[in-house]
Amino acid sequence: QVQLVESGGGLVQAGGSLRLSCAASGSVFTINAVHWYRQAPGKQRELVAAITSTGSTNYADSVKGRFTISRDNAKKTVSLQMDSLKPEDTAVYYCNVDITSWSRIRRNYWGRGTQVTVSS
């Protein structure tokens with residue numbers, strides 16, 4: 001089985017920074033593509049950032065230049081560095097990870113989410 005554990009959320013003032021992490025454990029052979037999503041109250045879940053298995057990245061226009069997605073394949077961890085945070089970044093953030101297990105089964109997993117609150 002595979003487990004995803006998110007960490008790093010919290011309360012920060014506008015202009016501050018937070019770093020979210022998503023650690024995979026269990027039967028993890030390789031981590032393929034990784035996506036970070038967020039969902040604010042009353043809004044649909046939206047894609048924030050993505051990184052492929054080869055390290056290519058993509059960002060939502062609203063976070064370009066402020067957020068950085070990265071991965072550490074050896075540690076089986078993915079991160080989202082969030083700088084210059086704005087109140088509109090307030091949301092629950094979810095990691096979504098495509099994983100190939102040791103039995104060579106490829107599945108998509110969601111983290112449980114971590115709350116990010118940015119005060120003005």
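**Notes on a predicted model: charge pairs, core and disulfide**

1. Let's start with a pair at the surface. D61 counts as exposed, because its relative accessibility is 65%. Keep in mind as you look around that this is a predicted model. The partner of D61 is K64, and the two form a salt bridge with their closest N and O atoms 3.2 Å apart. K64 is partly exposed, with a relative accessible area of 49%.

2. Away from that pair, there is a shared set of charges to look at. Salt bridges with partners in common join R38, E46, R66 and D89 into one network. How many salt bridges does the structure hold? The count is five. As a bit of background, side chains of opposite charge can pair when their charged atoms come close.

3. R38 is a good place to enter the network. Is R38 buried or exposed? R38 counts as buried, because its relative accessibility is 6%. One of its partners is E46, whose side chain meets that of R38 in a salt bridge at 2.6 Å, N to O. E46 itself counts as partly exposed, at 33% relative accessibility.

4. R38 also pairs with D89, and here the N to O distance is 2.9 Å. R38 sits in strand β4 and D89 in the loop between β8 and β9, so this salt bridge ties together parts that are 51 residues apart in sequence. Both D89 and R38 are buried.

5. Now for the nonpolar side of things. The largest nonpolar core has 32 residues, and the members that touch the most others are W36, L80, M82, Y93 and I99. Which elements give two or more residues to this core? They are β1 (2–7), β3 (18–26), β4 (30–39), β5 (46–51), β7 (67–72), β8 (77–82), β9 (91–100) and β11 (114–119). Strand β9 provides the largest share, five residues. In soluble globular proteins, nonpolar side chains tend to be buried together.

6. The disulfide count comes to one. Its cysteines are C22 and C95, with sulfur atoms 2.1 Å apart. C22 belongs to strand β3 and C95 to strand β9, so the bond ties together parts that are 73 residues apart in sequence. Why is the disulfide called right-handed? Because the torsion about the S-S bond of C22 and C95 is about 50°. Both C22 and C95 are buried.

7. While you have β9 in view, have a look at D98, which lies in that strand. D98 is buried, since its relative accessible area is 15% and the cut-off for buried is under 20%. Its side chain makes a polar contact of 2.5 Å with the side chain of R106. Leaving out residues up to four places away in sequence, D98 touches T30, I31, N32, A33, R106, R107 and N108.

8. Last stop: T114, found in strand β11. With 11% relative accessibility, T114 counts as buried. What does the side chain of T114 reach at 3.3 Å? The backbone nitrogen of G9. Not counting residues up to four places away in sequence, T114 touches E6, G9, L20, A91, V92 and Y93. Y93 came up earlier as one of the core residues that touch the most other members.

Methods:
Residues are numbered from 1 along each chain as its sequence is written. This is a predicted model: local features need pLDDT of at least 70, side-chain atom pairs count only at pLDDT 80 or more; totals for chains, interfaces and linings use all residues. Side-chain values use heavy atoms; hydrogens and water are left out. A nonpolar core is a set of buried Ala, Val, Leu, Ile, Met, Phe, Trp, Tyr and Cys residues joined through side-chain atoms within 4.5 Å. Buried means under 20% relative accessible area, exposed over 50%, partly exposed in between (1.4 Å probe, protein chains only). Helices (H or I, at least four residues) and strands (E, at least two) are DSSP runs, numbered from the N terminus. A salt bridge is a side-chain nitrogen of Lys or Arg within 4 Å of a carboxyl oxygen of Asp or Glu. A disulfide is a pair of cysteine sulfur atoms within 2.5 Å. A polar contact is a pair of N or O atoms within 3.5 Å; within protein, one must be able to donate a hydrogen and the other to accept it, and residues adjacent in sequence count only if both atoms are side-chain atoms. Contact means heavy atoms within 4.5 Å.
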